[in-house]
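Thanks for coming. I have one structure to go through today, and I will take it piece by piece.

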Amino acid sequence: MKTISEEYILQLSRLHDQKASFGDAKGLKQSEKYIKRYNPESVIDYGCGKGGVTLALQEAYPNMKVVGYDPGNPNYSTQPEGEFDMLVSTDVLEHIEPVFLENVLRLSLILISEPTRLGMISYAVFCLKKK
């Protein structure tokens, strides 16, 4: 399922190289609030950029499976397999090309185990399974 154009992959790759803030850990505090509340066993950071939140979560929660995915960054562009209890997506929706929005949302739901709750935060989307 295609979620991004080749042209936009190149553009995002350049932005990742040029902007230090692309993929930093600014979404960590908000993400941790939900991790502490729902205690997931696995998290996918969808649109992780340079992996700032992914790496910070891996360090803070070594017993939790944390995977980063970003089709616009070659270091994280391999689509993960399996299901996840929580999806973290920080500063991503504004980067999704409108023609691929439905595919991205469909893929997000595929990656979440038994999606039962969707919470909208100012800059993040969380889908959680019921524990």
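I will begin with the overall make-up, then go to the strands, the cores, one loop and a patch on the surface.

Keep in mind throughout that this is a predicted model. The protein has 131 residues, and 49% of them count as buried. There are 4 helices and 5 strands. Reading from the N terminus, the order is α-α-β-α-β-β-α-β-β. About 7500 Å² of the protein is exposed, and 52% of that area comes from carbon and sulfur atoms.

One more overall figure, on contacts. Take the contacts between residues at least 6 apart in sequence: 69% of them join residues at least 24 apart.

Now the strands. Start with E1, residues 42–46. How many of the residues of E1 are buried? The count is 5 of the 5, so E1 is largely enclosed by the rest of the structure. In a regular strand, side chains alternate between the two faces of the sheet. In E1, Ser42, Ile44 and Tyr46 point one way, while Val43 and Asp45 point the other way. Both sets are buried.

Which strands pair with E1? One is strand E2, residues 65–69, which runs parallel to E1 and is joined to it by 5 bridges. Another is E3, also parallel to E1, with 3 bridges between them. Val43 is a useful residue to find on the screen. Val43 stands opposite Val66 in E2, and in E3 its bridge partner is Met86.

E3 itself covers residues 86–90. Like E1, E3 is mostly covered, with 5 of its 5 residues buried. Met86, Val88 and Thr90 point one way from E3, and Leu87 and Ser89 point the other way.

That brings us to the cores. The largest nonpolar core has 12 residues: Leu28, Tyr34, Ile35, Val43, Val53, Ala56, Leu57, Tyr61, Met64, Val66, Met86 and Val88. Which elements give two or more residues to this core? They are H2, helix H3 (52–60) and strand E3. Apart from this core lies another one, of 9 residues, including Ile44, Tyr46, Tyr69 and Val104. Now look back at E1: Val43 belongs to the largest core, whereas Ile44 and Tyr46 belong to the other core. Val43 points one way from E1, and Ile44 and Tyr46 point the other way.

Let me take two core residues from H3. The first to look at is Val53, which is found in helix H3. Is Val53 buried or exposed? Its relative accessible area is 3%, so it is buried, the cut-off being under 20%. The C-alpha atoms of Val53 and Gly27 are 6.5 Å apart, with the two residues separated by 26 places along the chain.

Next is Ala56, also placed in helix H3. Leaving out neighbours up to four places away in sequence, Ala56 touches Ala25 and Leu28. From Ala56 to Val66 is 10 residues along the chain, and their C-alpha atoms are separated by 9.7 Å.

Leu28 also belongs to H2, which spans residues 28–38. The buried residues in H2 include Leu28, Gln30, Ser31, Glu32, Tyr34 and Ile35. An α-helix has 3.6 residues a turn, so residues three or four places apart point the same way.

After H2 comes Asn39, in the loop between that helix and strand E1. What is the phi of Asn39? The value is near 50°, which is positive, and Asn39 is not a glycine. For background, most residues other than glycine have a negative phi. Asn39 has a relative accessible area of 58%, which means it is exposed, since the cut-off is over 50%. Asn39 and Asp85 are 46 residues apart along the chain, and 9.1 Å separates their C-alpha atoms.

Last, the surface. Leu93, Leu101 and Leu105 form a nonpolar patch there, with about 250 Å² of accessible area together. Leu101 lies in helix H4, residues 101–111. Leu101 counts as partly exposed because its relative accessible area is 35%, between the 20% and 50% cut-offs.

To recap: E1 pairs in parallel with E2 and with E3, and its Val43 belongs to the largest nonpolar core. That is everything I have for today.

Key. Residues are numbered from 1 along each chain as its sequence is written. This is a predicted model: local features need pLDDT of at least 70, side-chain atom pairs count only at pLDDT 80 or more; totals for chains, interfaces and linings use all residues. Side-chain values use heavy atoms; hydrogens and water are left out. Buried means under 20% relative accessible area, exposed over 50%, partly exposed in between (1.4 Å probe, protein chains only). Contact means heavy atoms within 4.5 Å. Accessible areas come from the Shrake-Rupley method with a 1.4 Å probe; for residues, only the protein chains shown count as cover. Patches are made of residues with over 30% relative accessible area and no salt bridge: like charges are joined within 9 Å, nonpolar side chains (Val, Leu, Ile, Met, Phe, Trp, Tyr) within 5 Å. A salt bridge is a side-chain nitrogen of Lys or Arg within 4 Å of a carboxyl oxygen of Asp or Glu. A nonpolar core is a set of buried Ala, Val, Leu, Ile, Met, Phe, Trp, Tyr and Cys residues joined through side-chain atoms within 4.5 Å. Two strands pair if DSSP finds at least two bridges between them.
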